[in-house]
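The following report describes a single protein chain for a reader who wishes to relate its sequence to its fold. It proceeds from individual residues to the packing of the whole.

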Amino acid sequence: MNQLICVNCKKTYPLNEPFWRCACGGLLDIQFEPFLDLKKVKRRNPSLWRYREAIPIENDANIISFNEGFTPLVPFQFDKITVWIKQDYLFPTGSYKDRGATVLISKAMELGIQSVVEDSSGNAGCAIAAYCARAGIECFIYVPESTSPAKLAQIQMYGAKLKLIPGSREDTARAVLQAAQTHYYASHSWNPFFFQGTKTFAYEVFEQLGWRVPDTIVLPAGNGTLLLGAAIGFNELKTIGLIPDIPKIIAIQSENCAPLFKAFQENLPVIPTINKLDTLAEGIAIAEPVRGRQIIDAVRQSRGSFLTVSDIEIEASLKRLCRQGVYIEPTAAATIAGVEKYISNLTQDELIVSVFTGHGLKSTEKMLKILQHGD
Ligand SMILES: *Cc1c(COP(=O)(O)O)cnc(C)c1O
Ligand SMILES: [Zn+2]
């Protein structure tokens, strides 16, 4: 049975009604039986929609797409160890958030939605704004005042209405919840359809490795939109019987904002309140992740763990990558700093996959500051 289900009270809702949260306030997940015909998949365009039967959109006519996805999987050497890296900074809006946006906004079309709200530290707002523009859906994006100017410009150039909220990322989240009482909330953290898009990361990795599953995936963990999607995707591949087990998930947080790392390390039943400090990795600086519990459970179920990285390590990784011709944003470099930390403790050969999540052109002002630091 395909349906929405509340993670708290287990109440179910049909997929074709515009719910993004349970009446009890709980998070909704999607129960959906995916289907993959690998022969059919191989014949299709190199986009994430090649896994069409695994994506819960009923009618093809509702699909809002730029033929995005199926990003290259490229080997990089770190300290003589090969890590395969998905080039997800090459999406149309410059981050992997397009994976979630193409599916979520297609669903909004299917539901006949005419206006959405979303809150973001930048990239999710860019992605939702772009796909709404393509769909002809009105869009309001709530962002913290401190968001990078390039992201603010991008959101507005797509024609979305920008709401600049004073204070923290958490203040922005509270402001949008008000608006979500009267608008469809196209949220990358609450709305379960977003994760039905980010799960294609797992399918693509599986196909691009020659229908093999990696031993380890190293992914960012703020709201966990890629991490939870990847976990859903690999678990589906396991359920279908295509892989024997899911990869170990290594989740990366910024040392300056690491509530999940702390909860995992100390085995806390709830996500602790933390004193969040400024970090270069603005995109994963989430003090109150709404799916925090799910992220920890997914990492644990995969036999993985959490690592934190400092701003000094992030900046060093960013510079090393840029000197190899890879222009990614500082938030994306946090994950790669995590990769470098992870492999420095490797005791055996592993097939490792990670990701470049966002494009450097989004962060010019931060790059200029980093350049002032010199080498
Ligand atoms: C969204 C994003 C991430 C991961 O963030 P989550 O909060 O875990 O979803 C990482 N890097 C970039 C560039 C992003 O835009
Ligand atoms: Zn409920």
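## Buried charged side chains

The side chains of lysine 199 and glutamate 236 are joined by a polar contact of 3.1 Å. A polar contact is here a pair of N or O atoms within 3.5 Å; within protein, one must be able to donate a hydrogen and the other to accept it, and residues adjacent in sequence count only if both atoms are side-chain atoms. The model is predicted: local features need pLDDT of at least 70, side-chain atom pairs count only at pLDDT 80 or more, and totals for chains, interfaces and linings use all residues. Residues are numbered from 1 along each chain as its sequence is written, chains are lettered from A and ligands numbered from 1 in the order in which they are written, and side-chain values use heavy atoms, with hydrogens and water left out.

Lysine 199 is located in the loop between helix H6 (192-198) and helix H7 (200-208). Helices (H or I, at least four residues) and strands (E, at least two) are DSSP runs, numbered from the N terminus. The relative accessible area of lysine 199 is 0%, and the residue is buried. Buried means under 20% relative accessible area, exposed over 50%, and partly exposed in between (1.4 Å probe, protein chains only). Residues up to four places away in sequence not counted, lysine 199 touches Phe32, Ala54, Gly229, Ala230, Ile232, Gly233 and Glu236; contact means heavy atoms within 4.5 Å.

Arginine 50 is also buried, with a relative accessible area of 5%. This residue belongs to the loop between helix H1 (38-43) and strand S4 (73-78). Its side chain makes a polar contact of 2.6 Å with the side chain of glutamate 207. Neighbours within four places in sequence aside, arginine 50 is in contact with Val41, Lys42, Arg44, Asn45, Phe70 and Glu207.

## Residues with greater exposure

Strand S4 contains valine 74, which counts as partly exposed at 27% relative accessibility. Valine 74 and lysine 86 are 12 residues apart along the chain, and their C-alpha atoms are separated by 6.5 Å. With residues up to four places away in sequence not counted, valine 74 touches Val83, Trp84, Ile85 and Gln87.

Most residues other than glycine have a negative phi. Lysine 10 is not a glycine, yet its phi is positive, at about 70 degrees. Tryptophan 211 likewise has a positive phi, near 60 degrees. The table gives the setting of each residue.

| Residue | Loop | Relative accessibility |
|---|---|---|
| Lysine 10 | between strand S1 (3-6) and strand S2 (12-13) | 52%, exposed |
| Tryptophan 211 | between H7 and strand S10 (216-220) | 28%, partly exposed |

## Nonpolar cores

A nonpolar core is a set of buried Ala, Val, Leu, Ile, Met, Phe, Trp, Tyr and Cys residues joined through side-chain atoms within 4.5 Å. The largest such core has 78 residues, of which Ile105, Val116, Ile128, Leu227 and Phe306 touch the most other members. Helix H3 (residues 123-135) supplies the largest share of this core, eight residues. Another core, of 29 residues, lies apart from it and includes Phe76, Ala332, Ile336 and Ile370.

Isoleucine 128 touches Ala101, Leu104, Ile105, Val116, Glu118, Cys139, Ile141, Ala186 and Phe194, residues up to four places away in sequence not being counted.

## Helix H13

Lys366, Met367 and Ile370 are buried in helix H13 (residues 364-372). Viewed down the axis of H13, the buried residues fall within an arc of 100 degrees, so they line one face of the helix; the arc is that of the directions from the helix axis to the C-beta atoms. These buried residues pack against helix H11 (311-322) and helix H12 (330-343). The face turned away from the buried side carries the exposed residues Leu368, Lys369, Leu371 and Gln372. Glycine 374, just after H13, takes a positive phi of about 70 degrees.

## The chain as a whole

The chain has 13 helices and 13 strands. Of its 375 residues, 59% count as buried. Among contacts with a separation of 6 or more, 68% are between residues 24 or more positions apart. The C-alpha atoms fill a box of roughly 50 × 50 × 40 Å, taken along the principal axes.
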